[in-house]
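Reader: I am new to this structure. Please take me through one part of it closely, then show me what lies around that part.

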Amino acid sequence: MAPGIFLNSEEFATIEEYLDRYVLAGVTTNPAMIAKLGRVNFPQYLTGMRKLLGDKPFLTQVISEDFRVMLEEAELIRKYGGDNTFVKFPCTPEGLYAMKRFTRGGGKAAGTLCFSVIQGVLALLAGASYVATFYQSMNDAGTDGLTVIRQLAAFIRQSGSKGEILSASCRTSGDLGDIYEAGARFVTVNPVFFKELEAPGLNLYRDKFASEWATAHPEGGTLLELGHITEEIAR
């Protein structure tokens, strides 16, 4: 899969809108996000998400802290989420153990809550297809998030691992550039991130173009209308 952006959202309407507007690699959720929906029928939610996403990857997380229950939850997610749904396991001792057992049984997994190189390496060795490095959250906790991403990217290159870095906590366009430059191929962003499309200076030039167009065409009109004028002249 080519590098890209995952949307971090639990709401079907939001996901449908953003999939229509932008080219997105897939969708991710976490327990806190799902909790906002209240008491959902989770199997029904999973089948609805798969129908909405088609064959795009969907990443959703187990809730339990006990590896046995994690495995049961993972099997439920696999059953109802479809082939391209990846079960997110926390990069804790219990989570890594459950992930290893799940992937060895043919399941697709992702490591989440990755705050260090050792967590990411062990997740990749356990068969994670994605490792969610919490970039800005690491920075907030005093760890250099970019260093962790660079070192994990080096491990992937040297080991030949098939896993990918999926960097979470991407808050700005600056973060996005830094994360890709450090070696991650995927990031997750919240819907609010797309306000970054209103980049500094954009309004200035958009208004300049509109003003100069209006001066040249005081009667108004779009390019399509100008095309009609040209056709009439040609006749």
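At what angle do helix α8 and helix α9 pack, and how far apart are their axes?

Author: A word first: this is a predicted model. Now to the helix pair. Helix α8 covers residues 145–159, and helix α9 covers residues 173–182. The two pack at an angle of about 30°. Their axes are 8 Å apart. Angles under 35 degrees count as roughly parallel, so α8 is roughly parallel to α9.

Which residues make the contact? From α8 come L146, I149, R150 and A153. They meet D178, I179 and A182 in α9. By type, the residues of this contact divide into five nonpolar, no polar and two charged.

Next, the strands. Eight of them close into a barrel. Their order is β1-β2-β3-β4-β5-β6-β7-β8, and the pairing is parallel. From one strand to the next, the twist averages 25°.

Take one pair of neighbours in that barrel. Strand β6 spans residues 130–133, and strand β7 spans residues 164–167. They pair in the parallel sense over two bridges. V131 has I165 in β7 as its bridge partner.

Other helices lie against the sheet. One of them is α4, which packs there and touches β3 and β4. The direction of α4 makes about 160° with that of β4. Helix α5, residues 93–104, also packs on the sheet. Its contacts are with β4 and β5. Here the direction of α5 makes about 150° with that of β4.

Now look for open space. The largest pocket has a volume of about 320 Å³. Its lining has 20 residues. Closest to the pocket centre are N8, A168, S169, T188 and N190. Two elements give two or more residues to this lining: β5 (109–114) and β8 (186–189). The largest share, three residues, comes from β5. So which kinds of residue line the largest pocket? The lining divides into 10 nonpolar, eight polar and two charged.

The second largest pocket holds about 210 Å³ of space. It is lined by 14 residues. I34, F42, Q61, V62 and I63 are the closest to its centre. At least two lining residues each come from α2 (31–35), β3 (58–61) and α4 (67–81). By type, the lining of the second largest pocket divides into nine nonpolar, four polar and one charged.

Some elements turn up twice on this tour. β5 is touched by α5 and also lines the largest pocket. α4 packs on the sheet and also supplies residues to the lining of the second largest pocket. β3 is touched by α4 and lines that second pocket too.

Note on methods. Residues are numbered from 1 along each chain as its sequence is written. This is a predicted model: local features need pLDDT of at least 70, side-chain atom pairs count only at pLDDT 80 or more; totals for chains, interfaces and linings use all residues. Side-chain values use heavy atoms; hydrogens and water are left out. On a 1 Å grid over the protein atoms alone, a cavity is a set of points where a 1.4 Å probe fits but cannot get out, and a pocket is an open set with protein on both sides within 12 Å along at least five of seven lines; lining residues have an atom within 4 Å of a point. Grid points are joined across faces, edges and corners, and a volume is the space filled by probe spheres set on the points. Helices (H or I, at least four residues) and strands (E, at least two) are DSSP runs, numbered from the N terminus. Ala, Val, Leu, Ile, Met, Phe, Trp, Tyr, Cys and Pro count as nonpolar, Asp, Glu, Lys and Arg as charged, and the others, Gly among them, as polar. Axes are lines fitted to C-alpha atoms, for helices over the stretch in contact, and angles run from 0 to 180 degrees between N-to-C directions. Angles under 35 degrees count as roughly parallel, over 145 as roughly antiparallel, 65 to 115 as roughly perpendicular and the rest as oblique. Contact means heavy atoms within 4.5 Å. Two strands pair if DSSP finds at least two bridges between them.
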